[in-house]
Amino acid sequence: MTIISDTTPIISLIKVNRLDLLQKLFGEVLIPEAVYRELTTNVVFKNEADIVKDSDFLKTSSVQNRKALEVLQAASGLDDGESEAIILADELHSDALIIDERKGRKVAQKLGIKITGTIGIMLQAHAENMISSDEIKMYFDQLKNSNIRLSDSLIREALSLL
């Protein structure tokens, strides 16, 4: 199974101390070089950088088609991490791309890439009896308190699926 992740889902799962869900659900998760750089060198994520570096199930992978990357960025305005994640998911014919940003999700869907996000990961973990409904509610509160943008309607929709 080939799973690719963008930056925000990894940060979100670290903020609720559940990065382990990625390993439990997928074994290995590939992140493009731009995502790794963002996670480990951006001062905004200084508290999370060591966790990422120590997570041996997160594997860095390179985008091969640099021209496609440039075209995607020029046409969409997506940042380096999102763009590389989408191109890598396409190149590797991934089983899923884990991405939260709305604009990136729309681009990936238009390219036929199967997507999920932080909430989808939590719902999948719940379906596989790894976390409870109460834990998910607590994680949503923690994310909102950590300035992770989650709309109330998205939270209501997710909770209705439990």
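This is a short tour of a predicted model, from the whole chain to its nonpolar cores.

Before you click, note that residues are numbered from 1 along each chain as its sequence is written. In this predicted model, local features need pLDDT of at least 70 and side-chain atom pairs count only at pLDDT 80 or more, while totals for chains, interfaces and linings use all residues, and side-chain values use heavy atoms, without hydrogens and water.

**Whole chain.** Start with the cartoon: you should find 10 helices and 5 strands (DSSP runs, H or I of at least four residues for helices, E of at least two for strands, numbered from the N terminus). The C-alpha trace spans about 45 × 35 × 30 Å along its principal axes. Of the 162 residues, 46% are buried (under 20% relative accessible area, 1.4 Å probe, protein chains only).

**Main core.** Next, select Ile-10, Leu-22 and Met-122, which touch the most other members of the 34-residue largest nonpolar core (buried Ala, Val, Leu, Ile, Met, Phe, Trp, Tyr and Cys joined through side-chain atoms within 4.5 Å). Elements giving two or more residues to this core include helix H1 (7-15), strand S4 (96-98) and helix H10 (152-160). Apart from this core lies another, of 17 residues, among them Leu-78 and Ile-87.

**Met-122.** Which residues does Met-122 contact, leaving aside neighbours within four places in sequence? Show Leu-13, Val-16, Ile-131, Ile-136, Tyr-139, Phe-140 and Leu-143; contact means heavy atoms within 4.5 Å.

**Helix H3.** Finally, pick Ala-34, Val-35, Leu-39 and Thr-40, the buried residues of H3. They pack against strand S1 (3-5), H1, S2, helix H4 (46-54) and helix H6 (80-91).

Conventions
Buried < 20%, exposed > 50% of the residue type's maximum accessible area, 1.4 Å probe, protein only.
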